[in-house]
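I opened the file to look up a few points in the fold and wrote down what I found. The entries follow the order in which I looked.

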Amino acid sequence: MIKKALTLFLTSGILMSFTTVPDSDKFEKKANRIHEKCLTVDTHCDTPMLMIKPGFSVRDENKAPHSRVDLPRMKKGGLDAMFFAVFTSQKPRTEENYQKTYALANQMLDSIHAMLKKDSDLATLALKAEDLAKIEKTGKRAIYIGMENGFPLAKDISRVEEFYKRGVRYITLCHSFHNDICDSSSDGKPAEHNGVSDFGKQVIAEMNRLGMMVDVSHASDKSFFDAIELSKAPIIASHSSVRAIAQHNRNMTDEMIKKLAAKGGVIQICLLDEYVKNPDTTTVNYKRIKQIRKIYANDLDKMTEAQKDAMFKEWDELKAWKQKDMPSVKDLCDHIDHVKNLVGVDYVGIGSDFDGGGGLMDCGDVSQFPNITKELLRRGYTETEIRKIWGGNLLRVFREVEKTAEKIKTNPHLASL
Ligand SMILES: [Zn+2]
């Protein structure tokens, strides 16, 4: 009996050592293999705001201080494509601010194009949905360009085409305050246009004509419902999460997600902590974080380099404090599960908002993206589903947007229908 028990113990011990370790190894390998095979796209980072800083370079992690995105880390994280967003904060709509913002947007575009020239051995500009697969084969990173906030258009409709020609492939209609295009989700003041304005209608029509994706992240709920009715092509939310899980105005309600999916669009789940998990809003540090985020979003261009460095230093300290209860990839995947259960896996993707506030406990920069794939696999997502989430869905929408533009070109009367 004793002998039998001992044999059983030894055998099960041996069995365990043969099964558990190799299983986790096998899982790691499988997850990494799937991640490598996916065409991966992140639809939103604000890195261009840092790229205009002297000495900053996405070529080298050491020359990208405070950044969560650079080319070596993209490669390490198996990230094939990133939408670099030309972000400008919303300011009072004076003639001077229109001019300054237009100049700033162009400065960021100049920086992106200069980087693509300088680092052409590592990255290539992508302009069409199909470019990604071609660029991925070369082993380089594909860089798409988006524009966050239509403020630089300054009520001049010809600038939509001007920015398109400079490579911009989506415009986030507004940012944290109402603008000439539409009402924002976080302005705090009553609606100005009750959704999308007359100028906004022209902007959406022009984007449809050119083949640019309409991005409704930051837009008010009413602006979203207007935009989706107005657009002749599916639309995107480049970096928004699920409001049923995290009750933030920036997130999308189930009703919005259903509408988005019914029109073939996609919600790119954002990694910004408050959009992922409801925070404890009572602490002093939380309040300071809120203040700094506001300064970062609205006043960065007014600050001296020394002020910026001091702010970033404080931010790093606050981040260390926050790290202990930061949301994790598991929390993020709850949002993906929610969209999948609500409308299906074809309408969800990833838009990190890195360098604009995005970052989770176990996904703090682009190099940690494989953690998302691992969690999805753990939850039973198939390889096909994971491929859709990592880029397949977004590329489908992008192709539809391009097709709509082609149709409008051959039948111009469609634009007015
Ligand atoms: Zn944003």
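These entries cover the strands, the domain contact and several loop residues of a predicted model.

**Entry: strand β2**

I started with β2, residues 81-87, and looked up its burial. I found 7 of its 7 residues buried. I then sorted the side chains by direction: A81, F83, A85 and F87 point one way, while M82, F84 and V86 point the other way. Both sets are buried.

Which strands pair with β2, and in what sense? Strand β1, residues 41-45, runs parallel to β2 and is joined to it by 3 bridges. In that pairing I noted C45 opposite F84. Strand β4, residues 141-148, also pairs with β2 in the parallel sense, over 7 bridges. There A81 of β2 stands opposite A142 of β4.

I checked β1 for burial too. It is largely enclosed by the rest of the structure, because 5 of its 5 residues are buried.

**Entry: domains**

I looked up the domain assignment next. It gives domain 1 as 31-277 + 327-416 and domain 2 as 283-325. The contact between them takes 22 residues from domain 1 and 18 residues from domain 2. Taken over C-alpha atoms, the centres of the two domains are 23 Å apart.

How much area is buried between domain 1 and domain 2? I read about 1,600 Å², with carbon and sulfur atoms giving 48% of that area. The size of an interface is often quoted in this way, as the accessible area lost when the parts come together.

I then went through the polar side of the interface. Across it the rule finds 5 salt bridges. It also finds 3 residue pairs in polar contact, both residues of each pair being at pLDDT 80 or more. On the side of domain 1 that touches domain 2, the elements giving two or more residues are α2 (48-51) and α10 (273-276). I also looked up D273, and found that it forms a salt bridge with R293, with the closest N and O atoms 3.1 Å apart.

**Entry: Q90 and N149**

I moved on to Q90, which sits in the loop between β2 and α4 (95-118). Is Q90 buried or exposed? Its relative accessible area is 6%, and the cut-off for buried is under 20%, so Q90 counts as buried.

I listed the contacts of Q90, leaving aside neighbours within four places in sequence. They are N149, F151, F177, H178, N179 and N298. With N149 there is a polar contact between the two side chains, at 3.1 Å.

That led me to N149 itself, in the loop between β4 and α6 (158-165). N149 counts as buried because its relative accessibility is 0%. I also looked at its backbone: phi is positive, about 95 degrees, although N149 is not a glycine. For reference, most residues other than glycine have a negative phi.

**Entry: A154**

I found a further positive phi at A154, near 50 degrees, again in a residue other than glycine. A154 lies in the loop between β4 and α6. Its relative accessible area is 19%; the cut-off is under 20%, so I entered A154 as buried.

**Entry: D187**

I looked for D187 and found it in the loop between β5 (168-172) and α7. D187 is entered as buried because its relative accessibility is 12%.

What does D187 touch, not counting residues up to four places away in sequence? I noted S176, F177 and H178. For H178 I have a distance: its backbone nitrogen lies 2.8 Å from a polar atom of the D187 side chain. F177 and H178 are also among the contacts of Q90.

I also took a distance from D187 to D121. The two are 66 residues apart along the chain, and their C-alpha atoms are separated by 42 Å.

**Entry: helix α8**

Last, I checked α8, residues 221-230. S223, F224, D226, A227 and I228 are buried in this helix. An α-helix has 3.6 residues a turn, so residues three or four places apart point the same way. I then asked what covers the buried residues of α8. The cover includes α7 (198-210) and α9 (254-262).

Conventions. Residues are numbered from 1 along each chain as its sequence is written. This is a predicted model: local features need pLDDT of at least 70, side-chain atom pairs count only at pLDDT 80 or more; totals for chains, interfaces and linings use all residues. Side-chain values use heavy atoms; hydrogens and water are left out. Buried means under 20% relative accessible area, exposed over 50%, partly exposed in between (1.4 Å probe, protein chains only). Helices (H or I, at least four residues) and strands (E, at least two) are DSSP runs, numbered from the N terminus. Two strands pair if DSSP finds at least two bridges between them. Domain bounds come from an automatic or database domain assignment. Contact means heavy atoms within 4.5 Å. Buried area is the accessible area (1.4 Å probe) that two parts lose on being put together, summed over both. A salt bridge is a side-chain nitrogen of Lys or Arg within 4 Å of a carboxyl oxygen of Asp or Glu. A polar contact is a pair of N or O atoms within 3.5 Å; within protein, one must be able to donate a hydrogen and the other to accept it, and residues adjacent in sequence count only if both atoms are side-chain atoms.
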